[in-house]
Amino acid sequence: MRLRSKRLPTRVSATVTALVAVLALGAVTPAEAAPPAPRPPAADRWADRPHGFASLAGGTTGGRGGKVVTVRTQADLARYAGAAEPYVIRVAGAIDVEPFGSPVTVASDKTIVGVGTTGEIVHGELQLKPGTHNVIIRNLTIRDSYVEGDPDGKTTDFDGIQMDSVHHVWIDHNRFTHMGDGLLDVRKDSQYVTVSYNRFDNHNKAFGIGWTDNVTTQITIDHNWFSGTKQRNPSADNCAYAHLYNNYLSAQVTDGDPVWSYGNWARGRTRMVIENSYYEGVQHPYQADATAELVERGSVLKGTTGRHDEWGAAFDPRAFYAYRLDPAAAVPALVKRFSGPQRNLGTDTVLDVPAAYPTVQAAVDAVPAGNDGRVTVRIAPGTYREKVRVPADKPRLTFQGTGRDRSGTVIVYDTPNAHGGSSGSATVLIAASDVTARNLTFVNDFDEAAVELNAEQALAMKTTGDRIVFENTAFKGNQDTLMTDSPRLDVVSRVYIRDSYIEGDVDFVYGRATTVIDRSLIRALSRGSATNNGYVTAASTWKDNPYGFLITGSRIVSDAPAGSFHLGRPWHPGGNPDAVGQVLIRETELPAAVKSSPWTDMGGFSWRDARFGEYRTHGPGAAVTPDRPQMSDADAARHEVADYLAGPDGWAPHTSRTRTHGEES
């Protein structure tokens, strides 16, 4: 849309609840009283960044910065896991590996994560070859390469995960069960490894570390559950530093073996520290070679027998990294609940801007076409001068500003309508459905006073997708600031804007999408005119769509002179008579700048033929006049937020528990 007269210069303003600490689990014997220590909140148990040794020396980021892919076949898993470039690989469903027991090579810079509890590697092994580094493997079930009659794995080498001479690896929230040899083998001078919140069960050899004469490996092992296993829980050979805490060993295989049924074993010259773990019915719960050093503190022993070795000084884990211990008595309940694959992991992929992706668009580009999982683009505070385009085939995105408020994270550009129309002008264009933006500011700072153009409209945001949500966001511009549209006139798209801020002067809230602006602040900017400073809305609603724009529970403010602003006018793109605008301003404060006849004609179409109205507006600009249609109570009952948004699928974003408070700008 274009205003015929030039305007004067206007400046564009730029628990999860924690578990109980102590559980009544029968008579226990504390190995040594541990000092009280705070527990991390439950949310930390699903943190997307590693802790412990894997977090040191540059950290472990996996496929961060690479493209996101979803795999369902062995061929796709092998293709992306073995690629040279970084990938975030989502495993959806069970992948049956053939031939039986064969390995899938995992190269450097990879994240492999199961989608919820569906991701499984069956009859196969993930193998990290020498030199591999920066790998994250999470939320998978790796199972069933056991060869009947070979409990020791002497005829096969079918591990669950095997790594040789690697560094910076995080193994987290997996389940390993019933494999042909070891469930997890960390071998040959591997360094900076963390193994957390995994389940090891139904097996002989669970978790081995070493196969080297060198004393180099640094490993953190915490919150793992070893159940129905016999040995290597873990066995740590020649580890420079092995830190074990808050692990649970239970239901040990009881075959009468006096030596090779055991819990934790510090072998060779290993220095091992065990803290606040829980051993239930375990033979030899922790033991050490004479050449090793083992420090144990704070663990619970229930029905244990055999060796309980403790000697030497080992090392101080806090000299390397910070960590928080859970009370040992709470460990069984904690690991039963939080270890192994989790339904909430792998379903939301997080892409960090600019830490992993230099621009917001780069993060969008990393999302696969046909994306079937929620992807959160987490944007650090700062000003991002770029255009962002979200194509229709990349749904289910969330853009989350991480600053203290929405003004801290700004996406801005300066293109006018003359250079590409509304889609080319928009700083951000969202063509995909099911997109949410929170805690962000969108700006088009094109200086219309400095440039002579025939089409000066300059959009901060344009949407054409369905089920779009903006929470605690700001939209700043002059003419055509915010356009909520749909792919074509007879297609209904829905947009919900809550606790947000919108500013502009001419038609700055417009389009044909069904749009609810709820509990927000709308600022009508003055163009310096005493009589006509602009129009808040310009709806082009399809004639068969009863719901266009609803502005409800909000405030419209302006420093324009009294009686100089219109609430809206009907936009008929291309003169199409089937675009019959619908706007309801409901229970909203209006400023004195609003005209007594606030609706006006446009392009030869009368506003009286559109569907404009007010309901219980208030404030100095809310006087009732013959040119201000007022909706009846009966009609208002059919024009609630839910009526606008429900559509055929019952969409109801206004009922979500996410709530923010509006800001002035």
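Strand β17 (residues 207–210) and strand β20 (residues 235–237) run parallel and are joined by 2 bridges. Within this pair, Gly 208 stands opposite Ser 235 of β20. The description refers to a predicted model.

The pair belongs to an open sheet of 8 strands, ordered β5-β8-β11-β14-β17-β20-β23-β26, with parallel pairing. The edge positions are taken by β5 (103–105) and β26 (286–288); each has a single partner strand, so one side of each is left without a neighbour in the sheet. On average, and with direction ignored, neighbouring strands of this sheet are turned by 10° against each other. Strands of a sheet pair through backbone hydrogen bonds, in either a parallel or an antiparallel manner.

Strand β14 (residues 184–187) is covered on both faces. Leu 184 and Val 186 are buried on one side, and Asp 185 and Arg 187 are buried on the other. In the sheet order, β14 stands between β11 and β17. Strand β11 (residues 161–164) is joined to β14 by 4 bridges, and the two run parallel; here Met 163 has Val 186 of β14 as its bridge partner. Val 186 is thus named both as a bridge partner and as one of the buried residues of β14. A further 4 bridges join β14 to β17, again in parallel, and Arg 187 stands opposite Gly 210 in β17.

Gln 582 is located in another strand, β49 (residues 582–586). With a relative accessible area of 4%, Gln 582 falls under the 20% cut-off and is therefore buried. Two polar neighbours of its side chain were identified. A polar atom of the Gln 582 side chain lies 2.6 Å from the backbone nitrogen of Gly 548, and a polar contact of 3.0 Å joins the side chains of Gln 582 and Tyr 644. Both Gly 548 and Tyr 644 also appear among the residues in contact with Gln 582 when neighbours within four places in sequence are left aside. The remaining contacts of Gln 582 are with Ala 539, Thr 541, Pro 546, Tyr 547, Phe 549, Arg 611, Phe 612 and His 639.

The largest pocket has a volume of about 640 Å³. Its lining comprises 29 residues, and those nearest the centre of the pocket are Asp 48, Arg 138, Asp 348, Thr 349 and Val 350. Two or more lining residues come from each of the elements β6 (110–114), β9 (133–138), β29 (348–353) and β30 (374–379). The most is given by β29, which contributes 5 residues to the lining of the largest pocket.

Key:
Residues are numbered from 1 along each chain as its sequence is written. This is a predicted model: local features need pLDDT of at least 70, side-chain atom pairs count only at pLDDT 80 or more; totals for chains, interfaces and linings use all residues. Side-chain values use heavy atoms; hydrogens and water are left out. Two strands pair if DSSP finds at least two bridges between them. Axes are lines fitted to C-alpha atoms, for helices over the stretch in contact, and angles run from 0 to 180 degrees between N-to-C directions. Buried means under 20% relative accessible area, exposed over 50%, partly exposed in between (1.4 Å probe, protein chains only). A polar contact is a pair of N or O atoms within 3.5 Å; within protein, one must be able to donate a hydrogen and the other to accept it, and residues adjacent in sequence count only if both atoms are side-chain atoms. Contact means heavy atoms within 4.5 Å. On a 1 Å grid over the protein atoms alone, a cavity is a set of points where a 1.4 Å probe fits but cannot get out, and a pocket is an open set with protein on both sides within 12 Å along at least five of seven lines; lining residues have an atom within 4 Å of a point. Grid points are joined across faces, edges and corners, and a volume is the space filled by probe spheres set on the points.
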